[in-house]
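Visitor: I would like a close look at a single part of this model, namely the salt bridges and what surrounds them. Could you take me through that part slowly, with the values that belong to it?

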Amino acid sequence: MSQNACWRRLQRLNETGVIVGSTVRVNREKLGLGLVVFMMVKTRHHSTEWLDAFRRAVLKIPDVVDFFRIGGDYDYMIKVITEDMNSYDLVYQRLIQK
């Protein structure tokens, strides 16, 4: 199959919804982002107002890439991608100030 025919087929699959997205893998180390941390958070607060304020505060932190409500012993899981332990500590300090 030629490159153009392959491209047209991919475009058609995208347009018809057969392909629903694409993924790019980034070399974090080349960007200076060598540390990935999953923070587990427990809280006694479960009101809608508290969750909205907490979510807004967490999502303002640029190093936070994912934020999940989970079941089990913890209430939330926060995924942080950052440079190193020093920069993670800054994320942590910022989070506990809220």
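Guide: A salt bridge is taken here as a side-chain nitrogen of Lys or Arg within 4 Å of a carboxyl oxygen of Asp or Glu. By this rule the count comes to 3 salt bridges, and it should be said at once that the model is a predicted one.

Let me start with the pair formed by Arg69 and Asp75, whose side chains meet in a salt bridge at 3.9 Å, N to O. Asp75 sits in the loop that runs between strand S2 (64-69) and strand S3 (76-82). With a relative accessible area of 13%, Asp75 is buried, because buried means under 20%. Its partner Arg69, at 52% relative accessibility, counts as exposed, because the cut-off for that class is over 50%. The side chain of Asp75 also reaches the backbone nitrogen of Thr43, at 2.7 Å. When neighbours within four places in sequence are left aside, the residues in contact with Asp75 are Val41, Lys42, Thr43, His46, Phe68, Arg69 and Ile70.

The next salt bridge joins the side chains of Asp52 and Arg55 at 3.6 Å, N to O. Both residues lie in helix H2, 3 residues apart, which is about one turn of the helix. Asp52 is partly exposed at 30% relative accessibility, and Arg55 is likewise partly exposed, at 35%. The remaining salt bridge is between the side chains of Glu29 and Arg28, at 3.8 Å, N to O, where Arg28 is partly exposed with a relative accessible area of 30%.

Helix H2 also takes part in aromatic pairing, and the structure holds 5 aromatic pairs. In one of them, the ring centres of Phe54 and Tyr76 are 5.4 Å apart and the planes stand at 55 degrees, so the pair is tilted. This pair links distant parts of the chain, since Phe54 belongs to helix H2 (residues 48-59) and Tyr76 to strand S3, 22 residues apart. Phe54 and Tyr76 are both buried, and together with Trp50 and Phe67 they form one aromatic cluster.

Finally, a word on the surface: Val36, Phe38, Met40 and Tyr74 form a nonpolar patch there, with about 340 Å² of accessible area together. Within that patch, Val36 lies in strand S1 (residues 35-41) and counts as partly exposed at 31% relative accessibility.

Conventions: Residues numbered from 1 in each chain as written. Predicted model: local features only at pLDDT ≥ 70, side-chain atom pairs only at ≥ 80, totals over all residues. Heavy atoms only, no water. Helix = DSSP H or I, 4+ residues; strand = E, 2+ residues; numbered from the N terminus. Buried < 20%, exposed > 50% of the residue type's maximum accessible area, 1.4 Å probe, protein only. Polar contact = N/O pair within 3.5 Å; in protein donor to acceptor, adjacent residues only side chain to side chain. Contact = heavy atoms within 4.5 Å. Patch = residues over 30% accessible without salt bridge, like charges linked within 9 Å, V, L, I, M, F, W, Y side chains within 5 Å. Areas by Shrake-Rupley, 256 points an atom, 1.4 Å probe, with all protein chains shown as cover. Phe/Tyr/Trp six-rings, centres within 6.5 Å; stacked < 30°, edge-to-face > 60°.
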